[in-house]
Amino acid sequence: MGRAFEFRKARKMKRWGNMAKTFTRLGKQIAIAVKAGGPDPETNSTLRSIIATCKRENMPKDNIDRAIKNAMGKDQSDYKEVTYEGYGPHGIAVFVDTLTDNTTRTVADVRSIFNKFNGNMGTTGSLSFLFDHKAQFTFKKNDEIDMDELILDLIDYNVEDEYDEDYDEDKEETTITLYGDPKSYAQIQKALEEKGFEVAGEFTYIPNDLKDVDAEQRATIDKMVEKLEEFDDVQTVYTNMKPEEA
């Protein structure tokens, strides 16, 4: 298992713990995909991938269909993807991914939390050297899969040879997560789908410079992340804080 898996597992419960907020966030992603490529998942690969994520997160089909229909309405808000970055308490780097229809509101909300915790927001790209931007693809493992052969088939798309394998006790199934070059997102998705996999894809940030903290510092940073995640516009919060050892 790689460091990407470690951070993905650490974020999973916080990111998807509240079902209502999860569905709201996925609904916004559907809206962006529909606006960009239309409502038909057969011809809109981005929408198809988001629907796969919705299914993985147990979002009811009625909710998915309603989100697609709403995205087609003339009065549907246009969401934008905006990332904010800066330093939180104790020098921890913080990336905040958002989907917003009002950037003035969102930046004010995010800045208020940075200020509350004595942090400082930076300019776009100021923390890029601390994180690796990755395309991430998750799909159900089957008995026929040969991971070495699969990765070799995808090598032209700069897919990493290190992958994550995660067993879900509730669903009694194992999923595989691959990481690759964000620029090759569409090609990787297409190649996996042609091999018969239903792929849930997204972009993620993996910290490459981990910072140790003590228990008190960790509690403060965790509190900041929780406050950021309370905003409906916030999709995911990334930090370079070293995960707590089990």
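Let's start on a strand: Tyr 167 counts as partly exposed, since its relative accessibility is 48% and the band for that label lies between under 20% for buried and over 50% for exposed. Keep in mind as you look around that this is a predicted model. Tyr 167 sits in strand S5, which covers residues 164-168. If you skip the neighbours within four places in sequence, Tyr 167 is in contact with Glu 172, Glu 173 and Thr 174. For a sense of distance across the fold, try Ala 36: Tyr 167 and Ala 36 are 131 residues apart in sequence, and their C-alpha atoms are 34 Å apart in space.

From there, hop over to strand S6, residues 173-180, where you'll find Thr 175. Thr 175 has a relative accessible area of 13%, so it is buried. What does Thr 175 touch, once residues up to four places away in sequence are set aside? One group of partners is Thr 138, Phe 139, Lys 140 and Lys 141, and another is Asp 164, Glu 165 and Asp 166. The first group can be placed with the help of strand S4, which spans 131-140, while strand S5 takes in residues 164-168.

Now zoom out. The protein has eight helices and eight strands. Its C-alpha atoms fill a box of roughly 50 × 45 × 35 Å along the principal axes. Is that spread out or compact? For 246 residues, a compact globule would have a radius of gyration near 18 Å, and the protein has 18 Å, so the two agree. Buried residues account for 45% of the 246 residues. Contacts also reach a long way along the chain: take those between residues at least 6 apart in sequence, and 72% of them join residues at least 24 apart.

On to the helices. Take H2 (residues 19-37) and H4 (residues 61-71) as one pair: their axes come within 9 Å and cross at roughly 45 degrees. H2 and H4 are therefore oblique to each other, and their crossing is right-handed. On the H2 side, the residues that meet H4 are Phe 23, Gly 27, Ile 30, Ala 31, Val 34 and Lys 35. They face Asn 63, Ile 64, Ala 67, Ile 68 and Ala 71 in H4. Sorted by class, the residues of this contact come out as eight nonpolar, two polar and one charged.

A second pair is H5 (residues 103-116) with H8 (residues 215-229), whose axes are 10 Å apart and whose packing angle is about 165 degrees. How are H5 and H8 oriented to each other? Angles over 145 count as roughly antiparallel, and H5 and H8 are therefore roughly antiparallel to each other. The crossing of H5 and H8 is right-handed. In H5, Val 110, Ile 113, Phe 114 and Lys 116 supply the contact, and they meet Met 224, Lys 227 and Leu 228 in H8. By class, that contact has five nonpolar, no polar and two charged residues.

Let's finish in the loops. Past H5, in the loop that leads to S3, comes Asn 118. Asn 118 is worth a click if you like backbone torsions: its phi is positive, about 60 degrees, although the residue is not a glycine. Its relative accessibility is 69%, so Asn 118 counts as exposed. Asn 58 offers another case, with phi near 65 degrees, again a positive value in a residue other than glycine. You'll find Asn 58 in the loop between helix H3 (45-56) and H4. With a relative accessibility of 52%, Asn 58 counts as exposed.

Last comes Thr 124, in the loop between strand S3 (120-121) and strand S4 (131-140). Is Thr 124 buried or exposed? Its relative accessible area is 73%, so Thr 124 is exposed. Thr 124 still has partners from elsewhere in the chain: leaving out residues up to four places away in sequence, it touches Thr 83 and Glu 85. As for Tyr 84, it is 40 residues from Thr 124 in sequence and 6.7 Å away in space, C-alpha to C-alpha.

Notes
Residues are numbered from 1 along each chain as its sequence is written. This is a predicted model: local features need pLDDT of at least 70, side-chain atom pairs count only at pLDDT 80 or more; totals for chains, interfaces and linings use all residues. Side-chain values use heavy atoms; hydrogens and water are left out. Axes are lines fitted to C-alpha atoms, for helices over the stretch in contact, and angles run from 0 to 180 degrees between N-to-C directions. Helices (H or I, at least four residues) and strands (E, at least two) are DSSP runs, numbered from the N terminus. Angles under 35 degrees count as roughly parallel, over 145 as roughly antiparallel, 65 to 115 as roughly perpendicular and the rest as oblique. A crossing is left-handed if the near helix is turned anticlockwise from the far one by less than a right angle, and right-handed if clockwise. Contact means heavy atoms within 4.5 Å. Ala, Val, Leu, Ile, Met, Phe, Trp, Tyr, Cys and Pro count as nonpolar, Asp, Glu, Lys and Arg as charged, and the others, Gly among them, as polar. The radius of gyration is taken over C-alpha atoms; the globule rule is 2.2 Å times the number of residues to the power 0.38. Buried means under 20% relative accessible area, exposed over 50%, partly exposed in between (1.4 Å probe, protein chains only).
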